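Subject: Structure handover

Hi,

Here is the structure I promised to pass on. My notes follow below it; please read them with the model open.

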Amino acid sequence: MAHCCAAIYFMNLRGDILIERRYRDDVERDMADNFRTQILNSKGESASLQTPVRTLGSCTFMYLRHADLYILMVTRNNANVMMAFKFMTSLVDLLRSYFEGALNESSVKRNFVLIYELLDETMDYGFPQLTEPAALKSFILQKGVRSELDAATSTQQARNATLTVTGAVSWRRPGLKYSSNEVFLDIVEEVNLLLSNTGAVLRNDVAGKVLMKCKLSDMPELRLGLNEALEDVTFHQCVNLGAYEVNKVVTFIPPDGEFELMRYRTSEGIQVPFKVIPVVKELGRTRLEANVSVRSLFGAKRFALNTVVLVPVPDYTAKCSIVVTSGKAKYDATKKAIVWKIKRFSGACEHNLRAEVSMVSTTKERKAWPRPPISMSFQVPMFSASGLRVMYLKITERRQGPAYSVEKWVRKMCKSGDFQVRI
């Protein structure tokens with residue numbers, strides 16, 4: 001198996017070395033100096049043309065910029081580049097977890113001891129090891145000082161850490177206890193739509209994700225049944241992919257707290273929440289008339305929140321006379337559009353906007369107005385554009401059996417993505 005790197009460096013934007021950790025003896029410190037002089041400070045290429053993998057002589061540099069830092073990995077051998085970048089991104093997430101979200105030059109300087117300890121645990125002889133924050137925090141504390149407990153407690157913590165590192169469940173710490181067990185599941189979808197001015201669908205897809213928040217004791221197993229098998233889907237590492245391939249049931253032991261269980265994308269069987277019918281006419285050189293009808297296609301018991309429709313107008317617009325059947329609308333010169341806002345859009349109903357636009361009169365020849373598309377943003381609670389539904393969510397804990405009770409909540413939210421209608 002190809003290794004990842006021979007050395008790793010943390011550098012500031014000037015190229016000064018903050019942290020250096022060498023895992024093999026075939027690289028020297030001056031290689032980092034070559035990176036600074038020949039890559040960072042090179043005037044031969046613009047920054048936009050520089051690639052994150054560069055080879056100088058027999059040495060290969062793989063680097064990633066985060067905030068005001070460069071993370072640099074160096075090797076003389078045939079390294080696995082994808083594994084190197086995956087390790088660097090995982091290392092950034094790990095350090096941000098320890099630093100409470102802030103990873104920069106200042107935080108690196110304040111935590112030399114902790115970073116060196118983490119670098120020793122996360123990589124061995126150039127091969128990545130454990131990078132899960134939950135597992136590492138069980139035996140490396142935030143200040144880099146091991147917990148001073150009595151011998152019995154210390155021994156038990158060591159056993160738990162060993163189980164976490166060597167077992168199959170590195171994302172969940174054993175022995176969790178809650179006074180009440182709760183699970184929150186949210187299906188969040190974004191609808192992307194592009195319609196022609198005749199109403200023909202030019203592009204239509206839904207990008208969704210399943211978010212969870214788990215407050216569960218011990219080591220439960222969850223089984224999530226969905227009403228349809230998704231094709232373009234990616235799962236969190238906790239999901240048993242073998243079980244999903246066989247019976248299409250999402251089986252997993254969840255991490256503690258909030259996490260993203262899965263992402264998916266579909267372009268089949270989409271239920272579009274709104275239909276927009278625009279009629280825009282240019283009446284001579286100084287007038288324009290726009291009639292826009294928006295119809296909700298979801299049930300009457302549902303509603304949309306914070307609906308905003310942007311109706312574009314020419315750059316040289318002087319004033320607009322606007323009439324709407326619901327909400328408020330006004331001309332926004334900075335957006336070059338009429339902004340129509342409806343706080344609550346009920347289901348199975350239709351609202352209309354009529355605008356008369358007056359444009360600045362001029363004797364100069366103007367360029368033809370490109371007629372940008374109408375764009376729309378919205379949120380529809382408890383609506384799934386893809387039709388995805390949760391059929392069941394079963395939770396079992398082997399040691400407690402039927403006595404293991406859990407409160408479960410499932411919510412859905414449909415949002416606008418790139419939702420446009422040509423005029």
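Three strands make an open sheet, ordered S12-S10-S22, with antiparallel pairing. Strands here are DSSP runs of type E with at least two residues, helices are H or I runs of at least four, and both are numbered from the N terminus. Two strands count as paired if DSSP finds at least two bridges between them. Strand S12 (249-252) and strand S22 (390-396) are the edges; each has a single partner strand, so one side of each has no neighbour in the sheet. From one strand to the next the twist averages 15°. Axes are lines fitted to C-alpha atoms, for helices over the stretch in contact, and angles run from 0 to 180 degrees between N-to-C directions. S10 (residues 221-226) pairs with S12 in the antiparallel sense over four bridges. Leu224 sits opposite Val250 of S12.

Before going on, the ground rules. This is a predicted model: local features need pLDDT of at least 70 and side-chain atom pairs count only at pLDDT 80 or more, while totals for chains, interfaces and linings use all residues. Residues are numbered from 1 along each chain as its sequence is written, and side-chain values use heavy atoms, with hydrogens and water left out.

**The five-stranded sheet**

Another open sheet has five strands in the order S2-S1-S5-S4-S3, with antiparallel pairing. Its edges are strand S2 (17-22) and strand S3 (53-56); each has a single partner strand, so one side of each is left without a neighbour in the sheet. Direction ignored, neighbouring strands of this sheet are turned by 20° against each other on average. Strand S1 (residues 7-12) pairs with S2 over five bridges, antiparallel. Ile8 stands opposite Arg21 in S2.

Two helices lie across these strands. Helix H2 (residues 81-98) crosses S1, S3, S4 and strand S5 (69-75), at about 35° to S4. Helix H4 (residues 112-122) lies across S1 and S2, at about 30° to S2.

Thr60 belongs to strand S4 (residues 59-66). Thr60 is buried, at 16% relative accessible area. Buried means under 20% relative accessible area, exposed over 50%, and partly exposed in between (1.4 Å probe, protein chains only). The side chains of Thr60 and Thr55 share a polar contact of 3.4 Å. That term means a pair of N or O atoms within 3.5 Å; within protein, one must be able to donate a hydrogen and the other to accept it, and residues adjacent in sequence count only if both atoms are side-chain atoms.

**The cores**

The largest nonpolar core has 37 residues; Phe274, Val294, Met376, Val380 and Phe419 touch the most other members. Such a core is a set of buried Ala, Val, Leu, Ile, Met, Phe, Trp, Tyr and Cys residues joined through side-chain atoms within 4.5 Å. Strands that each supply at least two residues of this core include S8 (182-195), S14 (274-283), S16 (303-312) and S23 (407-421). Apart from it lies another core, of 34 residues, among them Met62, Phe87, Val92 and Leu95.

Val294 has contacts (heavy atoms within 4.5 Å). Leaving out residues up to four places away in sequence, Val294 touches Trp340, Phe345 and Met376, among others.

S16 and S19 are joined by nine bridges and run antiparallel. Phe303 has Ser346 of S19 as its bridge partner. S16 also runs antiparallel to S21, with four bridges. There, Leu310 stands opposite Ser375.

**Two residues on S9**

Asp205 lies in strand S9. At 13% relative accessibility, Asp205 is buried. The Asp205 side chain makes a polar contact with the side chain of Arg265 (2.7 Å).

Lys209 is also in strand S9 (residues 201-215). Lys209 is partly exposed, at 28% relative accessible area. Among the residues that Lys209 touches, not counting those up to four places away in sequence, are Asp186, Glu260 and Tyr264. The C-alpha atoms of Lys209 and Cys5 are separated by 34 Å, with their positions 204 residues apart along the chain.

**Cysteines**

How many disulfides does the whole structure hold? The search finds zero. The cut-off is a pair of cysteine sulfur atoms within 2.5 Å. The sulfur of Cys414 is 16 Å from the closest cysteine sulfur, in Cys349, too far for a bond. Cys414 is buried, with 0% relative accessible area. Cys5 is buried too, at 0% relative accessibility.

Best wishes
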